[in-house]
Amino acid sequence: APGRRSMRLRTNRNWKTRLKNRLTTCITNKRNIYSFGYNDDGQLGLGNKNICLSPQLISDLNDIEFIQCGGDHTICKTYSNEYYSWGYNTNGELGQGNNISCNQPNKCSNWPDDIIDINCGACHSLLLTSTGYVYSFGRNYLGQLGLNEENIEPINIPTLIKDNQLFTDNELNKIINDVYRFDMEKKSQMPSQQMPSQQMPSQQM
(Lines give C-alpha, C1' and ligand atoms only; values in the text may rest on other atoms or scores of the structure.)
Protein backbone atom coordinates (compact mmCIF):
# COMPACT_ATOMS: atom_id res chain seq x y z
CA ALA A 1 0.00 0.00 0.00
CA PRO A 2 1.29 3.52 -0.69
CA GLY A 3 3.21 5.05 2.19
CA ARG A 4 3.58 1.82 4.15
CA ARG A 5 7.06 0.81 3.13
CA SER A 6 10.17 2.62 4.32
CA MET A 7 13.01 3.36 1.93
CA ARG A 8 16.47 4.83 1.99
CA LEU A 9 17.07 7.93 -0.10
CA ARG A 10 19.95 10.30 -0.64
CA THR A 11 18.44 13.75 -1.05
CA ASN A 12 22.01 15.07 -1.28
CA ARG A 13 25.42 13.90 -0.14
CA ASN A 14 24.88 15.23 3.39
CA TRP A 15 21.69 13.33 4.24
CA LYS A 16 20.40 9.79 4.57
CA THR A 17 16.62 9.77 4.81
CA ARG A 18 13.98 7.31 6.05
CA LEU A 19 10.39 7.84 4.97
CA LYS A 20 7.19 6.44 6.44
CA ASN A 21 3.55 7.26 5.97
CA ARG A 22 3.51 9.97 8.66
CA LEU A 23 7.07 10.92 9.50
CA THR A 24 10.53 11.38 8.02
CA THR A 25 13.87 11.01 9.81
CA CYS A 26 17.27 12.03 8.45
CA ILE A 27 20.88 11.34 9.41
CA THR A 28 23.38 14.05 8.49
CA ASN A 29 27.02 13.49 7.60
CA LYS A 30 27.78 14.67 11.15
CA ARG A 31 25.78 11.68 12.46
CA ASN A 32 22.92 13.76 13.90
CA ILE A 33 19.21 12.97 13.48
CA TYR A 34 16.52 15.35 12.24
CA SER A 35 12.81 14.51 12.08
CA PHE A 36 9.59 16.09 10.82
CA GLY A 37 5.96 15.24 10.09
CA TYR A 38 3.07 14.10 12.27
CA ASN A 39 3.82 13.86 15.97
CA ASP A 40 0.63 12.93 17.80
CA ASP A 41 2.34 9.97 19.50
CA GLY A 42 5.73 11.65 19.99
CA GLN A 43 7.13 9.77 17.00
CA LEU A 44 9.46 12.65 16.10
CA GLY A 45 11.42 12.18 19.36
CA LEU A 46 11.49 15.91 20.12
CA GLY A 47 10.05 15.76 23.65
CA ASN A 48 6.65 17.09 22.56
CA LYS A 49 3.69 16.24 20.32
CA ASN A 50 3.79 19.21 17.98
CA ILE A 51 3.57 18.64 14.22
CA CYS A 52 6.74 19.83 12.46
CA LEU A 53 6.77 21.00 8.86
CA SER A 54 10.55 21.26 8.58
CA PRO A 55 13.46 19.11 9.90
CA GLN A 56 14.12 19.47 13.63
CA LEU A 57 17.26 18.27 15.43
CA ILE A 58 16.81 15.50 18.01
CA SER A 59 19.35 17.02 20.38
CA ASP A 60 19.50 14.02 22.73
CA LEU A 61 21.16 11.82 20.11
CA ASN A 62 24.45 11.85 18.22
CA ASP A 63 26.92 9.47 16.57
CA ILE A 64 24.04 7.70 14.81
CA GLU A 65 24.85 4.83 12.46
CA PHE A 66 21.36 4.08 11.11
CA ILE A 67 17.66 4.57 11.81
CA GLN A 68 14.51 2.63 10.98
CA CYS A 69 10.93 3.96 11.08
CA GLY A 70 7.74 2.03 11.73
CA GLY A 71 4.20 3.30 11.37
CA ASP A 72 4.56 5.77 14.25
CA HIS A 73 7.75 4.64 15.98
CA THR A 74 11.48 4.81 15.34
CA ILE A 75 14.53 2.75 16.37
CA CYS A 76 18.13 3.85 15.87
CA LYS A 77 21.62 2.45 16.43
CA THR A 78 24.73 4.41 17.40
CA TYR A 79 28.29 3.65 16.36
CA SER A 80 28.94 2.64 19.99
CA ASN A 81 26.32 -0.15 19.64
CA GLU A 82 23.62 1.54 21.70
CA TYR A 83 19.98 1.37 20.64
CA TYR A 84 17.23 3.93 21.20
CA SER A 85 13.52 3.86 20.41
CA TRP A 86 10.62 6.29 20.70
CA GLY A 87 7.06 6.98 19.53
CA TYR A 88 3.89 4.92 19.59
CA ASN A 89 4.18 1.88 21.87
CA THR A 90 0.71 0.52 22.63
CA ASN A 91 1.78 -2.85 21.19
CA GLY A 92 5.29 -2.88 22.66
CA GLU A 93 6.90 -2.09 19.30
CA LEU A 94 9.64 -0.07 21.03
CA GLY A 95 11.00 -3.18 22.78
CA GLN A 96 11.27 -1.33 26.09
CA GLY A 97 9.51 -3.94 28.24
CA ASN A 98 6.38 -1.80 28.59
CA ASN A 99 3.55 -0.41 26.49
CA ILE A 100 4.02 3.28 27.23
CA SER A 101 4.47 5.61 24.27
CA CYS A 102 7.31 8.13 24.62
CA ASN A 103 8.09 11.41 22.86
CA GLN A 104 11.86 11.31 23.27
CA PRO A 105 14.54 8.66 22.70
CA ASN A 106 14.84 5.98 25.38
CA LYS A 107 17.80 3.64 25.55
CA CYS A 108 16.92 -0.01 24.90
CA SER A 109 18.13 -2.40 27.61
CA ASN A 110 18.68 -6.16 27.54
CA TRP A 111 18.70 -6.38 23.76
CA PRO A 112 20.98 -8.82 21.91
CA ASP A 113 24.45 -7.25 21.72
CA ASP A 114 25.27 -8.38 18.17
CA ILE A 115 22.47 -6.74 16.15
CA ILE A 116 23.44 -6.02 12.57
CA ASP A 117 20.10 -4.87 11.14
CA ILE A 118 16.66 -3.66 12.23
CA ASN A 119 13.36 -3.52 10.38
CA CYS A 120 10.07 -1.99 11.53
CA GLY A 121 6.56 -2.77 10.40
CA ALA A 122 3.55 -0.59 11.14
CA CYS A 123 3.24 -1.87 14.73
CA HIS A 124 6.04 -4.41 15.16
CA SER A 125 9.83 -4.58 14.90
CA LEU A 126 12.48 -7.15 13.93
CA LEU A 127 16.14 -7.49 14.92
CA LEU A 128 18.73 -9.52 13.01
CA THR A 129 21.91 -10.65 14.81
CA SER A 130 25.32 -11.40 13.37
CA THR A 131 24.78 -15.09 14.19
CA GLY A 132 21.70 -15.22 11.98
CA TYR A 133 18.94 -15.11 14.59
CA VAL A 134 15.84 -12.94 14.32
CA TYR A 135 14.04 -11.39 17.29
CA SER A 136 10.58 -9.85 17.03
CA PHE A 137 8.28 -7.74 19.21
CA GLY A 138 5.11 -5.66 18.93
CA ARG A 139 1.69 -6.44 17.52
CA ASN A 140 0.90 -9.97 16.36
CA TYR A 141 -2.78 -10.08 15.42
CA LEU A 142 -1.92 -11.48 11.98
CA GLY A 143 1.07 -13.53 13.07
CA GLN A 144 3.57 -10.93 11.88
CA LEU A 145 6.03 -11.75 14.68
CA GLY A 146 6.74 -15.16 13.12
CA LEU A 147 6.16 -16.99 16.41
CA ASN A 148 3.73 -19.57 15.01
CA GLU A 149 0.91 -18.00 17.00
CA GLU A 150 -1.89 -15.68 15.93
CA ASN A 151 -4.03 -13.35 18.06
CA ILE A 152 -1.65 -13.56 21.01
CA GLU A 153 -1.06 -10.59 23.27
CA PRO A 154 1.45 -8.04 21.97
CA ILE A 155 5.05 -8.69 23.02
CA ASN A 156 7.10 -5.76 24.36
CA ILE A 157 10.57 -7.34 24.56
CA PRO A 158 12.71 -8.87 21.78
CA THR A 159 11.64 -12.51 21.48
CA LEU A 160 13.64 -15.10 19.57
CA ILE A 161 11.91 -16.72 16.61
CA LYS A 162 12.85 -20.25 17.59
CA ASP A 163 12.38 -21.87 14.20
CA ASN A 164 14.53 -19.44 12.26
CA GLN A 165 17.56 -21.75 12.48
CA LEU A 166 15.94 -23.46 9.48
CA PHE A 167 17.29 -20.62 7.35
CA THR A 168 20.84 -19.72 6.41
CA ASP A 169 22.34 -16.38 7.37
CA ASN A 170 21.87 -15.13 3.81
CA GLU A 171 18.22 -16.13 3.83
CA LEU A 172 17.66 -14.32 7.13
CA ASN A 173 19.16 -11.19 5.64
CA LYS A 174 16.58 -11.44 2.87
CA ILE A 175 13.87 -11.27 5.55
CA ILE A 176 15.08 -7.80 6.45
CA ASN A 177 15.02 -6.85 2.77
CA ASP A 178 11.39 -7.93 2.33
CA VAL A 179 12.18 -11.01 0.21
CA TYR A 180 10.86 -13.19 3.00
CA ARG A 181 7.68 -12.36 4.85
CA PHE A 182 6.18 -13.04 8.29
CA ASP A 183 2.63 -12.18 7.29
CA MET A 184 0.86 -12.84 4.00
CA GLU A 185 -1.48 -10.15 2.74
CA LYS A 186 -5.06 -10.68 3.88
CA LYS A 187 -6.49 -7.85 1.84
CA SER A 188 -7.20 -7.99 -1.86
CA GLN A 189 -9.56 -6.14 -4.16
CA MET A 190 -12.13 -8.95 -3.97
CA PRO A 191 -13.08 -10.33 -0.52
CA SER A 192 -13.34 -13.83 -1.98
CA GLN A 193 -9.65 -13.67 -2.94
CA GLN A 194 -8.36 -12.91 0.54
CA MET A 195 -5.40 -15.04 1.54
CA PRO A 196 -4.97 -16.62 5.00
CA SER A 197 -2.42 -15.07 7.30
CA GLN A 198 0.79 -17.01 7.92
CA GLN A 199 2.58 -17.15 11.26
CA MET A 200 5.97 -18.58 10.25
CA PRO A 201 8.65 -17.17 7.90
CA SER A 202 8.09 -18.24 4.31
CA GLN A 203 9.88 -17.63 1.05
CA GLN A 204 8.56 -14.87 -1.22
CA MET A 205 8.13 -16.36 -4.67
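This report describes the salt bridges and one open β-sheet of a predicted model.

**Salt bridges**

The model contains 6 salt bridges. Three of them are set out below, each with its closest N to O separation.

| Acidic residue | Basic residue | N to O distance |
|---|---|---|
| Asp40 | Arg22 | 2.7 Å |
| Asp63 | Arg31 | 2.9 Å |
| Glu65 | Lys77 | 2.5 Å |

The side chains of Asp40 and Arg22 meet in a salt bridge at 2.7 Å. This pair connects distant parts of the chain, with the two positions 18 residues apart in numbering: Asp40 belongs to the loop between β4 (33-37) and β5 (52-57), and Arg22 to the loop between β2 (15-19) and β3 (23-28). Asp40 has a relative accessibility of 38% and is therefore classed as partly exposed. Arg22, at 23%, is likewise partly exposed, since the buried class ends at 20%. Through shared partners, salt bridges join Arg22, Asp40, Asp41 and Asp72 into one network.

Asp63 and Arg31 form a salt bridge with their closest N and O atoms 2.9 Å apart. Here too distant parts of the chain are linked: Asp63 is in the loop between β5 and β6 (64-69), Arg31 is in the loop between β3 and β4, and the two are 32 residues apart. Asp63 is partly exposed at 26% relative accessibility, and Arg31 is partly exposed at 36%.

In the salt bridge of Glu65 with Lys77, the closest N and O atoms are 2.5 Å apart. Glu65 lies in strand β6 and Lys77 in strand β7 (residues 73-78), so this contact ties together parts of the chain that are 12 residues apart in sequence. The two partners fall into separate accessibility classes: Glu65 is partly exposed at 28%, whereas Lys77 is buried at 5%.

**The open sheet**

Strands β6 and β7 also belong to an open sheet of 4 strands, ordered β6-β7-β8-β9 with antiparallel pairing. Because β6 and β9 (102-107) stand at the edges and have a single partner strand each, one side of each is left without a neighbour in the sheet. On average, neighbouring strands of this sheet are turned by 15° against each other, with direction ignored.

Strand β8 (residues 83-87) pairs with β7 in the antiparallel sense over 5 bridges. Within this pairing, Lys77 stands opposite Tyr83 of β8, and Cys76 stands opposite Tyr84 of β8. Lys77 is thus placed both across from Tyr83 and in the salt bridge with Glu65. The hairpin of β7 and β8 has 4 residues between the strands, and Asn81 in this hairpin takes a positive phi near 65°.

On its other side, β8 pairs with β9 in the antiparallel sense over 3 bridges. Gly87 has Cys102 of β9 as its bridge partner.

Strand β8 is mostly covered, with 5 of its 5 residues buried. Tyr83, Ser85 and Gly87 point one way from the strand, while Tyr84 and Trp86 point the other way; all of them are buried. In general, side chains of a regular strand alternate between the two faces of the sheet.

Definitions and conventions. Residues numbered from 1 in each chain as written. Predicted model: local features only at pLDDT ≥ 70, side-chain atom pairs only at ≥ 80, totals over all residues. Heavy atoms only, no water. Salt bridge = Lys/Arg side-chain N within 4 Å of Asp/Glu carboxyl O. Buried < 20%, exposed > 50% of the residue type's maximum accessible area, 1.4 Å probe, protein only. Pairing = 2+ DSSP bridges. Axes fitted to C-alpha atoms, helices over the stretch in contact; angles between N-to-C directions.
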